[in-house]
Amino acid sequence: MSVATLITLACSSSLAQEVEPVAQPPAAKGWKVETVVDSLPQPWGMAWLADGRMLVTGKKGTLHLVDGKRVQDIPVEGLPALFTEGQGGLLDIAVHPSDKGPNPRIYMSMASGTAEANSTALVQGVFDGKRVHGIKTIFKASPTKSGGQHFGSRIVFLKDGTILMSIGDGGNPPARVGNMLARDQAQNLGSHNGSILRLTSEGQAAPGNPLAAQKGALPELWSIGHRNIQGMTVDPQGRVWASEHGPRGGDEINLIEGGKNYGWPLQSYGLDYKTREPIGKHVVAGMVSPLVVWTPSTGASGLAWYTGQAFPAWRGSLFSGGLATEDIRRVAFDAEGKVVKQERLDIGKRVRDVRQGPDGYLYAITDEAKGSLLRIVPQ
């Protein structure tokens with residue numbers, strides 16, 4: 001199947017428009033960073049329990065409980081075999097939002113399979129305060145792909161209790177899936193790759209998914225045309241935001257709506273790694289334009305919508321981690337949702353995830369063999 005024959009969805013509520021890429025915003029003021037704990041083994045995702053303690057995943061398959069400045073290794077019983085090459089491993093984590101008491105359900109995304117055939121999976125288990133047990137695989141993306149690139153893998157809960165899960169497109173050329181380049185899977189309604197999925201808490205296709213009625217569409221699809229989303233968050237109004245890796249430039253912030261097509265690889269601000277030629281066009285009719293484009297790439301990672309009291313001027317802003325730029329980008333909006341300001345918080349280390357804690361501060365974890373949990377506080 002060629003790109004010309006791939007399916008494009010109408011996005012009449014979102015006007016296609018050119019976006020001016022930003023290289024490096026000015027530095028933010030009035031903040032400082034505190035190290036909460038260090039020596040976390042290759043951390044990837046973090047989530048808070050109802051009692052204020054935090055769970056942090058380690059890419060090689062470990063799980064850690066952070067209680068103040070104390071870190072406890074948590075056994076994970078029955079975790080399926082991980083695929084840990086390249087970008088693979090144990091990735092994001094979420095706690096079911098309705099589980100406020102003991103024994104909450106824990107959800108973790110992971111790469112599974114072999115170098116020749118792997119995919120992103122979602123597992124569910126129970127945390128009894130000492131261990132995570134009863135783990136079962138509740139979803140696996142298809143088709144499988146080869147290599148260690150582009151697993152996506154952020155997971156968030158919507159207000160209705162369903163789960164959104166990002167799946168990467170499968171990799172850069174020359175990687176292929178079936179009879180097409182892996183990246184073209186993002187325009188294939190018969191593939192989970194290059195999409196955001198909406199699932200029930202048990203991993204089934206959520207009822208009412210807007211693409212399910214399309215001919216040949218997989219029922220789990222929520223939105224398509226994504227390259228590799230590694231940041232996703234839901235704001236208090238229930239809007240979904242995502243940060244997405246572009247190739248050699250063109251990292252994006254998008255406001256995600258069910259049923260929409262976000263363009264990749266037909267619409268992009270990035271360049272091919274080998275040829276350095278533009279991939280697709282900046283604007284394609286019927287596809288949703290990003291709100292923010294960063295060139296050079298930030299290596300966009302975790303994403304948070306800030307509502308806390310510690311930084312009143314920051315409320316209603318997005319904060320996006322940067323792996324390549326070793327910073328956190330603040331994106332501020334006006335009442336109509338237009339981007340009005342960008343700033344950067346220089347961290348000096350690869351930022352893997354950014355979240356707002358229950359105490360109203362921003363937290364970040366760093367992408368290192370011995371990573372750190374950082375807290376952003378007023379100066």
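Student: Which element gives the largest share of the lining of the second largest cavity?

Tutor: E8 does, with three residues. Bear in mind that this is a predicted model. The lining includes Asn-118, Ser-119 and Thr-120, and strand E8 covers residues 118-127.

Student: What else lines the second largest cavity?

Tutor: Lys-145, His-150, Phe-151, Ile-167, Gly-168, Gly-170 and Asn-193 are also in the lining. The space in this cavity is about 40 Å³.

Student: How do you know how the lining of the second largest cavity divides by class?

Tutor: Sort the names. Phe and Ile count as nonpolar, Lys as charged, and Gly goes with the polar group. The result is two nonpolar, seven polar and one charged.

Student: How many cavities does the search of the whole structure find?

Tutor: Two, at a threshold of 30 Å³ or more. The largest cavity holds about 60 Å³. Among its lining residues are Arg-227, Glu-244, Glu-252, Pro-247 and Trp-264. Arg and Glu count as charged, Pro and Trp as nonpolar. That lining has two nonpolar, five polar and three charged residues.

Student: Back to E8. What makes E7 and E8 paired strands?

Tutor: Pairing needs at least two bridges. E7 (residues 105-113) and E8 have nine, in the antiparallel sense. The strands therefore meet the criterion. One bridge joins Met-108 to Val-123 in E8.

Student: Why are E6 and E9 called edge strands?

Tutor: The open sheet runs E6-E7-E8-E9, with antiparallel pairing. E6 (90-95) and E9 (132-140) each pair on one side only. Neighbouring strands are turned by 25° against each other on average, direction ignored.

Student: Phe-151 also appears in an aromatic pair. Why is its pair with Phe-83 called tilted?

Tutor: Ten aromatic pairs are found in the whole structure. In this one the centres are 6.2 Å apart, and the limit is 6.5 Å. The planes differ by 55°. Stacked needs under 30 degrees and edge-to-face over 60, so the pair counts as tilted.

Student: Which parts does the pair of Phe-83 and Phe-151 tie together?

Tutor: Phe-83 lies in the loop between E5 (70-73) and E6, and Phe-151 in the loop between E9 and E10 (155-157), so the pair ties together parts 68 residues apart in sequence. Both Phe-83 and Phe-151 are buried.

Student: What makes the pair of Trp-305 and Phe-333 stacked or tilted?

Tutor: The angle decides. The planes are 20° apart, and the cut-off for stacked is under 30 degrees. The pair is therefore stacked, with 5.9 Å from centre to centre. Trp-305 sits in E20 (residues 300-305) and Phe-333 in E22 (residues 327-333), 28 residues apart.

Student: How do you know whether Trp-305 is buried or exposed?

Tutor: Buried means under 20% relative accessible area. Trp-305 has 12%, so Trp-305 is buried. Phe-333, at 14%, also counts as buried.

Student: What stands opposite Phe-333 in E23?

Tutor: Val-339 does. E22 and E23 (residues 339-346) pair in the antiparallel sense over seven bridges. Pairing needs at least two bridges, so these strands qualify.

Student: How many residues lie between E22 and E23 in the hairpin?

Tutor: Five. Gly-337, in the turn, has a positive phi of about 85°.

Student: Which residues do ring pairs link into a cluster?

Tutor: Tyr-306, Phe-311, Trp-314 and Phe-319.

Terms used: Residues numbered from 1 in each chain as written. Predicted model: local features only at pLDDT ≥ 70, side-chain atom pairs only at ≥ 80, totals over all residues. Heavy atoms only, no water. Helix = DSSP H or I, 4+ residues; strand = E, 2+ residues; numbered from the N terminus. Axes fitted to C-alpha atoms, helices over the stretch in contact; angles between N-to-C directions. 1 Å grid on protein atoms, 1.4 Å probe; cavity = no way out; pocket = protein on both sides within 12 Å on 5 of 7 lines; lining within 4 Å. Points joined across faces, edges and corners; volume = space filled by probe spheres on them. Phe/Tyr/Trp six-rings, centres within 6.5 Å; stacked < 30°, edge-to-face > 60°. Buried < 20%, exposed > 50% of the residue type's maximum accessible area, 1.4 Å probe, protein only.
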